[in-house]
Structures are given as structure tokens and as C-alpha cells.
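Visitor: I would like to go through the ligand site of this model. Could we begin with the terms?

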Amino acid sequence: MADSEGSVEQKFSLQEVLDTFKLCLSENKEVYLQHYVAGWRGLVKFLNSLGSVFGFISKDAVNKIQVLVSHLNGENGSQYVTVQSMVKYELDNELVDLTKRGGHPESGCRTLLRLHRALRWLELFLERLRTSTEDSKTSVMCADAYNESLAQHHPWVVRKAAGVAFCVLPGRQAFLEVMNVGPPEQVVAMLGEALPLISEVYQITEELYSQHNLLDLP
Ligand code: 1PZ
């Protein structure tokens, strides 16, 4: 398992993101916020490398990452080590707006929920990419994944803007190249390894939020 030992610093690669998601789960299946956020940082870096059309998307993601980081680095940072401890701490101390926006617009719980929903999009999109053929269109895969997940939480104007951005995504081959993994077969293999991980992090968070009735936080 000492596969990455001794490796030199490389430019951005999807591998890096996946490694971060691997670190997300603790032994007893809690989600470390620090690594979750780092995973998103990598994804944003990737998104930015696709062009400025995606700026409005990465800007929102960056804002949310920053909110979580400021919780992590804040005076109650020790309560934010895992998503589980964050949920407990914020609920116990009434730090979450549960039904309408109010005094806690930047709770960790509502902020992470937005990224959590986007992680579902990522899972659906990468699965489509993994099983796609040479003539598949990234814009279609991306839009299908979006409509099945995140779109349900977005107002019309955001859905419209997202639709425009999808149209200028690079084609499948170029897209696989930007991932910096190697030839297409290698990307596909890596996606096969990565998806169960992303999916597990998603499922654990989903169950936690569902147990505490947090899936519709305003
Ligand atoms: C590879 C192509 C990338 C496509 C990304 C698909 C997601 C499109 C999402 C477009 C929404 C961006 C505008 C911001 C919307 C916000 O209103 C919402 C809700 O937050 P609130 O207003 O309640 O505070 N934000 C989100 O839903 C979070 C979106 C994060 C998207 C991150 C995508 C990262 C992609 C990684 C690419 C590999």
C-alpha cells in the first residue's frame, strides 16, 4: 500500500483529490472536516483549470469552503473535527437555522449541506464518465447528473446559468486529459477506485443529516 511513497510533487491531478477523499473517513466511519474541505479545494482547482466560465460556480464553492475553514480555525475549532461532531455541537448549542434563515446564515451544517448535495452530482457525473464511450458528450453527462441531483435545489436562474456553463465543457478526451492521470483506460480505472469512496462519504453524511432532519436546511 506504500504506492505514493517517494513520489515527487506533481501538478494538479485528480489522484490528489481522490487521495484526500480517502483520508476523509475515520476508523469508526466519521467524516473528517479538514480532509473533506481539502477534497473540495482540489475540485475547485480542477474546475478553475477548465476555464473562467465556471468562475461563478467555483466562487460559490470557495465561499463555502472558507466558511467551513473559519469554523475549523475558530475558537470552537475542536468541535469541528468531524462532520458528526459539528452537527452535534451546532445542534446542541442552537447554532443552526432549522426552518428559515435567521441568526445563523453561516452554520457549518447548512454550508456543508450545499457541498454535500454537490458531491452527489459529482458521484453521478463521474460514474457516467467512467462508463462512457469515446463519442459520449461531457455536456450531456454533466447536465443529466445535475438534473438528477443539484438542480432540484437550485432556482431557475441558477439552473439556466449552469446549463450554459455545461455547454462549454471540453469534450470527453480533453476532459480526461485535464485530469492528469494518464491514458483514458487509466482514468477509467482510477474512477472505478474512487467512486466507492466518494459514495461512502456521501452516504454517511446523508444518513447523519437524515437522522437529524437536516436535509432541507434553509
Ligand atoms: C465540471 C463541470 C462543473 C459543473 C458543476 C456542476 C454544479 C453546478 C452548480 C452551479 C451552482 C453555482 C451557483 C451557486 C449556487 C448557490 O446558490 C448554491 C446554494 O447555496 P446558497 O445560495 O444556499 O448559499 N450553491 C451550491 O449549490 C453549491 C454548489 C457547489 C458546486 C461545486 C461544483 C464543483 C465541481 C467540481 C468539478 C470537478
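Guide: On a 1 Å grid over the protein atoms alone, a pocket is an open set of points with protein on both sides within 12 Å along at least five of seven lines, while a cavity is a set where a 1.4 Å probe fits but cannot get out; lining residues have an atom within 4 Å of a point. A molecule sits in one of these if more than half of its atoms lie within 2 Å of its grid points. The model is predicted: local features need pLDDT of at least 70 and side-chain atom pairs pLDDT 80 or more, whereas totals for chains, interfaces and linings use all residues. Residues are numbered from 1 along each chain as its sequence is written, and side-chain values use heavy atoms, without hydrogens and water.

Visitor: Which pocket is the space taken by the ligand?

Guide: The ligand takes the space of the largest pocket.

Visitor: Which residues are the closest to the ligand?

Guide: They are Asp 60, Lys 64, Arg 110, Arg 114 and His 154, out of 19 that surround the ligand (a heavy atom within 4 Å).

Visitor: And what about polar contacts?

Guide: Taking pairs of N or O atoms within 3.5 Å, the side chain of Asp 60 is 2.7 Å from a ligand nitrogen. Ligand oxygen atoms lie 2.8 Å from the side chain of Arg 110 and 2.7 Å from a polar side-chain atom of His 154.

Visitor: How much of the ligand's accessible area does the protein cover?

Guide: The protein covers 88% of the 840 Å² that the ligand has on its own, by the Shrake-Rupley method with a 1.4 Å probe.

Visitor: Changing topic, what is the volume of the largest pocket?

Guide: About 820 Å³, counted as the space filled by probe spheres set on the grid points, which are joined across faces, edges and corners. The lining has 32 residues, and Leu 47, Ile 57, Ala 118, Leu 150 and His 154 are the closest to the centre.

Visitor: Which helix gives the largest share of that lining?

Guide: Helix 5, with eight residues.

Note on methods:
Polar contact = N/O pair within 3.5 Å; in protein donor to acceptor, adjacent residues only side chain to side chain. Helix = DSSP H or I, 4+ residues; strand = E, 2+ residues; numbered from the N terminus.
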